[in-house]
Amino acid sequence: MRCRHPLTTIYAWCIYLSKSLHITGDAWKAQTYGFVAPSRSSKSRLTIELKMRELKPEEVETVFGKLAKYIGKNVEKLIDRNDGKYVFRVLKDRVYYMSQQLEKMASNIPRKQLIGSGLLIGKFTHHKKFHIKITALPLLAVFAPYRIRITPASELSFLYKNDVMKSHITHMSEGIPDNAGVVIVSADDQPVGFGVTTKSGNEALNSDPASKIVIHQADVGEFLRDQDTMF
């Protein structure tokens, strides 16, 4: 869309867009008193960012690398599914996982009005690092090959952001390597969070009861603690 001054109706419409939508480009320049119309010779176009976008190549590598730490080669199953096509999309530095059908429906909602769509996987920081959020737990719980079950008494401790000690563990998946992503489950096998191991499974079994086995990364208590900033 071009804004050609002095056509009054188009000029007024561009003023409306500049105030209600996120607009970039040389066509409009912010001044202390508002927005000014471009000169007649201006050839630039208004760029209106309304929709979620695809991940950039470097973002794909970062996100999939983080997910692979927890679900390994099962990352491929997130894309290659027999129940439809699923995609990853970015909105306001947050990465969402959704069906293509849901993406199409969400694309009709203006960006500033769209809070999120699908399953929130994680968020990019200001320095472009990616952190998986607790909202991704349903996905990790399905595809993660490694689980660690903890006692009922230690479950509350974990939900307060504390690490998992050897004395907290009642069962571990076989073959857990060192520095692996694991899903933490309660005594009744309900996923309550995830973390990263400090030792391999074999080393953990022979460790002192007070040894730290899993470094806490996220827990379901965040749904209460961080509900105002999670989405």
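Biologist: How many helices and how many strands does the chain have?

Modeller: In this predicted model, the chain has eight helices and 15 strands.

Biologist: What share of the residues of the chain counts as buried?

Modeller: Of the 231 residues, 39% count as buried. The area that the chain exposes is about 13700 Å², and carbon and sulfur atoms supply 52% of it.

Biologist: Why is Ala204 called buried or exposed?

Modeller: A residue is called buried when its relative accessible area is under 20%. Ala204 has a relative accessibility of 0%, so Ala204 counts as buried.

Biologist: Where does Ala204 lie, and which residues does Ala204 touch beyond those up to four places away in sequence?

Modeller: Ala204 belongs to helix α7, which covers residues 201-205. Leaving out residues up to four places away in sequence, Ala204 touches Lys166, Met172, Lys199 and Ile213. Asp178 is 26 residues from Ala204 in sequence, and their C-alpha atoms are 9.5 Å apart in space.

Biologist: What makes Glu54 count as buried or exposed?

Modeller: The word exposed requires a relative accessible area over 50%. For Glu54 the value is 54%, and therefore Glu54 counts as exposed. Glu54 is part of strand β5, residues 53-54.

Biologist: How do you know that Glu54 touches Arg89?

Modeller: A contact means that heavy atoms lie within 4.5 Å. By that rule, and not counting residues up to four places away in sequence, Glu54 touches Glu59, Phe88 and Arg89. Along the chain, Glu54 and Arg89 are 35 residues apart, while from C-alpha to C-alpha they are 5.0 Å apart.

Biologist: What share of the contacts between residues at least 6 apart in sequence joins residues at least 24 apart?

Modeller: Among such contacts in the chain, 56% join residues at least 24 apart.

Biologist: Why is Asn179 called partly exposed?

Modeller: Partly exposed is the class between the cut-offs of 20% and 50%. Asn179 has 47% relative accessibility, so Asn179 falls in that class. Its place is the loop between β12 (169-172) and β13 (181-185).

Biologist: Which residues does Asn179 touch, not counting those up to four places away in sequence?

Modeller: Asn179 touches Lys69, Val196 and Thr197. The C-alpha atoms of Asn179 and Thr198 are separated by 5.5 Å, although these residues are 19 apart along the chain. Asn179 also has a positive phi of about 60° without being a glycine.

Biologist: Which class of exposure does Asp93 have, and why?

Modeller: Asp93 has a relative accessibility of 39% and therefore counts as partly exposed. Asp93 sits in the loop between β6 (86-91) and β7 (94-99). Its phi is near 70°, a positive value in a residue other than glycine.

Biologist: What is the volume of the largest pocket, and which residues lie nearest its centre?

Modeller: The volume of the largest pocket is about 320 Å³. Its lining consists of 16 residues, and those nearest the centre are Phe130, His131, Ile132, Lys133 and Gln217. Two or more lining residues come from each of α2 (57-71), β8 (119-124), β9 (130-132), β14 (191-197) and β15 (212-219). By class, eight lining residues are nonpolar, three are polar and five are charged.

Biologist: How do you know where the largest pocket lies with respect to domain 1 and domain 2?

Modeller: Residues of both domain 1 (48-136) and domain 2 (146-226) contribute to the lining, so the largest pocket lies between the two domains.

How values were computed. Residues are numbered from 1 along each chain as its sequence is written. This is a predicted model: local features need pLDDT of at least 70, side-chain atom pairs count only at pLDDT 80 or more; totals for chains, interfaces and linings use all residues. Side-chain values use heavy atoms; hydrogens and water are left out. On a 1 Å grid over the protein atoms alone, a cavity is a set of points where a 1.4 Å probe fits but cannot get out, and a pocket is an open set with protein on both sides within 12 Å along at least five of seven lines; lining residues have an atom within 4 Å of a point. Grid points are joined across faces, edges and corners, and a volume is the space filled by probe spheres set on the points. Helices (H or I, at least four residues) and strands (E, at least two) are DSSP runs, numbered from the N terminus. Ala, Val, Leu, Ile, Met, Phe, Trp, Tyr, Cys and Pro count as nonpolar, Asp, Glu, Lys and Arg as charged, and the others, Gly among them, as polar. Domain bounds come from an automatic or database domain assignment. Buried means under 20% relative accessible area, exposed over 50%, partly exposed in between (1.4 Å probe, protein chains only). Accessible areas come from the Shrake-Rupley method with a 1.4 Å probe; for residues, only the protein chains shown count as cover.
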